[in-house]
Amino acid sequence: MPCPALAAWELASSFGWWMHVFGRHTCSTRVDKWKRMGTSKDAVPRAILCFLFLLCLGCKCLASELEATQTVTLAVDASPQLAQKIPDTLFGIFFEEINHAGAGGIWAELVSNRGFEAGGLHTPSNIDPWSIIGDDSSIYVETDRTSCFSRNIIALRMEVLCDNCPTGGVGIYNPGFWGMNIEDGKAYNLVMYVKSPEATDLTVSLTSSDGLQNLASATITVSGESNWTKVEQKLVAKGTNRTSRLQITTNKKVVVWFDQVSLMPEDTYKGHGFRTELISMILDLKPRFLRFPGGCFVEGEWLRNAFRWRESIGPWEERPGHFGDVWHYWTDDGLGYYEFLQLAEDLDAEPIWVFNNGVSHNDEVDTAAITPFVKDVLDSIEFARGSANSTWGSVRAAMGHPEPFPVKYVAIGNEDCGKKFYRGNYLKFYNAIRQAYPDIQMISNCDGSSTPLDHPADLYDFHVYTDSKTLFNMKSTFDRTSRSGPKAFVSEYAVWRGDAGRGSLLASLAEAAFLTGLEKNSDIVYMASYAPLFVNNNDQTWNPDAIVFNSWQHYGTPSYWMQTLFRESSGAMLHPTTISSSYSGSLAASAITWQDSENSFLRVKVINFGSDAVTLTISTSGLQASINALGSTATVLTSANVMDENSFSNPTKVVPVKSDLSNAAGEMQVTLAPHSFSSFDLALAQSKLVAEM
């Protein structure tokens, strides 16, 4: 609001009393000072100017007050004839082995480098993070190639040198992934392979990181034989320590070999090896699909380090593991192709298998030589979908899952569209899969949102990592996309870098606005998932992420909580919305009708990306049922500062807050806080409305 001196003077003339008061109590002090300084000649004009200046500031303050609250009308047309069904598959999750999301993350294995393979095939090799208990006068360890497993041949040879070993013995220990979380009363299953030329007793223990606190221990007798023996031992903790270690010791002068040392909590999700508390975070998102296992993890910096599904199936002891050279850490592939399929089933989510198409970040297979890769992928699909009598289906059945996994979607590569041989390789995979499995939907890496693809595809990948302002404005990205041709799979989206922090409120608001655009364009956008999903706080290679964890704690970032407010959108009915306000450029909104097991709701989601509060009037028309204030709720995601984040010390600083909505009606007025995401669930008197629509 402009406030020039002339306007101020006119206002001052109209309000003589106000002028008198301001002149007396504000400027007169300055005039008296000038008089004492011998400058009284200009006192009165200066007093007037002083008043005008203060009045101008007052005008600006008044203008600021007036502009601090915006008035907005949001109209929702819930007429059945204008409703559009959102695909059942719209919102899901993308899991990539990044940030130790799997190894040391959702996969509950506590031992890191359990097979001693991480140091490579050349021996002696690095055994990190294994270490010795004792010193070089009492113990000598080295890797050799004597394992009984043909696909992972490295083993550890431990030679105890002391006749009178220190109290507690000497041996080796493993700290896991930045410490093992051992909890009082819980059971942990130890499995390992050992051999020794003479009989000896080994003590296996769970201790504190310094070895001083003993949480559980047992004595294992190794018979003096030249053959490898599988040893299994349950350890029940008598105490809690968040940074524990597994140690194996002896007091006897002896030579012992170890291989494939595993320690798993007895309590995992459905007994399938996943950390229960982290899977519960996924379940709360109600994902409709699981895209796996990457990402760049699929490609590798070099093909020799790409994810190989064949090497990640079968008995865990026989899996060689591999170095993920993109994210720079070793994984034993205990979380392999089979486990990903099992996880999708446990989540009741569609599996989306992303496979390598002969392309890495630095090398490629010429299309003329791609046939073996094509056969490899066909075998992977047979492993998932084949009968228990088929070649690869029988391998799956032997692992404990005789029924096929319903793989309906595959992605041919990841972010490879610009690579030299991608299109040629893509067509080889596409044609072979289409012939063998006509129902499988294939996903291209090439973006078809603005220009048509030059090759056949059922869906195409769309990835976006950008700043918050850009992503907020991308809510209309698919408005102009052609409605013919393949559908979009927004398989990776997030606010990134500068204003993302480690997961800021600001980032989540921009992402929420972007998702309302995907809802409105869900006739052409078929699926969407945030990335990355998980990060171990000790290896934050990529930032930000949706769920942060360590060995025993976890929390959701604002971006995680934002996604929980979209979990009912998949399969819901979308309704047109219209925003009437000059402030609309800072707002995004969408409306759906959805139902739980008993009731139906009209959900209106509104994102206020701006710094002003909003008085919002929501008007609805075309509803086939009345709105019932009883059962209607408002859920708001906001915070005092737009850059606020959650943390281990304050995991709920920025989370949705739910309250009753007593003024719910066909037209109601609510207040939107600055920088907020509000979701209004208006209970509908007639149940099962969505089904009838």
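## A strand enclosed on both faces

Let's start with one pairing: in β7, Gly-171 is the bridge partner of Ile-133. Helices and strands here are DSSP runs, numbered from the N terminus, with H or I over at least four residues for a helix and E over at least two for a strand. This is a predicted model, in which local features need pLDDT of at least 70 and side-chain atom pairs count only at pLDDT 80 or more, while totals for chains, interfaces and linings use all residues. Residues are numbered from 1 along each chain as its sequence is written, and side-chain values use heavy atoms, with hydrogens and water left out.

Two strands count as paired if DSSP finds at least two bridges between them. Strand β4 (residues 131-133) and β7 run antiparallel and are joined by 3 bridges. β7 also pairs with strand β13 (residues 241-250), again in the antiparallel sense, over 5 bridges. Within that second pairing, Leu-246 in β13 is the bridge partner of Asn-174.

How many residues of strand β7 are buried? For strand β7 (residues 170-174) the count is 5 of the 5, so the rest of the structure largely encloses it. Buried means under 20% relative accessible area, exposed means over 50%, and partly exposed lies in between (1.4 Å probe, protein chains only). The cover extends to both faces of β7: Val-170, Ile-172 and Asn-174 are buried on one side, and Gly-171 and Tyr-173 are buried on the other.

## An open three-stranded sheet

Further along the chain, an open sheet of 3 strands follows the order β24-β25-β26, with mixed pairing. β24 (534-536) and β26 (554-556) are the edge strands, each with a single partner, so one side of each has no neighbour in the sheet. From one strand to the next, the twist averages 20°. Such angles run from 0 to 180 degrees between N-to-C directions, with axes taken as lines fitted to C-alpha atoms, for helices over the stretch in contact.

β24 pairs with strand β25 (residues 547-549) in the parallel sense over 3 bridges. In this pairing, Val-535 stands opposite Val-548 in β25. Helix α4 (residues 276-283) lies across β24, β25 and β26, and runs at about 10° to β26. Contact, for the helix axis, means heavy atoms within 4.5 Å.

## Disulfides and other cysteines

A disulfide is a covalent bond between the sulfur atoms of two cysteines. Here a disulfide is assigned to a pair of cysteine sulfur atoms within 2.5 Å, and by this rule there are 2 disulfides. With the bonded cysteines of the protein numbered in sequence order, the pairing reads 1-2, 3-4. Cys-162 and Cys-165 form one disulfide, with sulfur atoms 2.0 Å apart. Their link is right-handed, with 95° about the S-S bond, and both Cys-162 and Cys-165 are buried.

Another disulfide joins Cys-417 to Cys-446, at 2.0 Å from S to S. This pair links distant parts of the chain, 29 residues apart: Cys-417 sits in the loop between β19 (409-412) and α9 (422-436), and Cys-446 in the loop between β20 (441-444) and β21 (459-466). The torsion about the S-S bond of Cys-417 and Cys-446 is about 100°, so this disulfide is right-handed. Cys-417 counts as buried at 18% relative accessibility, and Cys-446 is buried with a relative accessible area of 2%.

What about Cys-148 and Cys-296? Cys-148 counts as partly exposed, at 40% relative accessibility, whereas Cys-296 counts as buried, at 14%.
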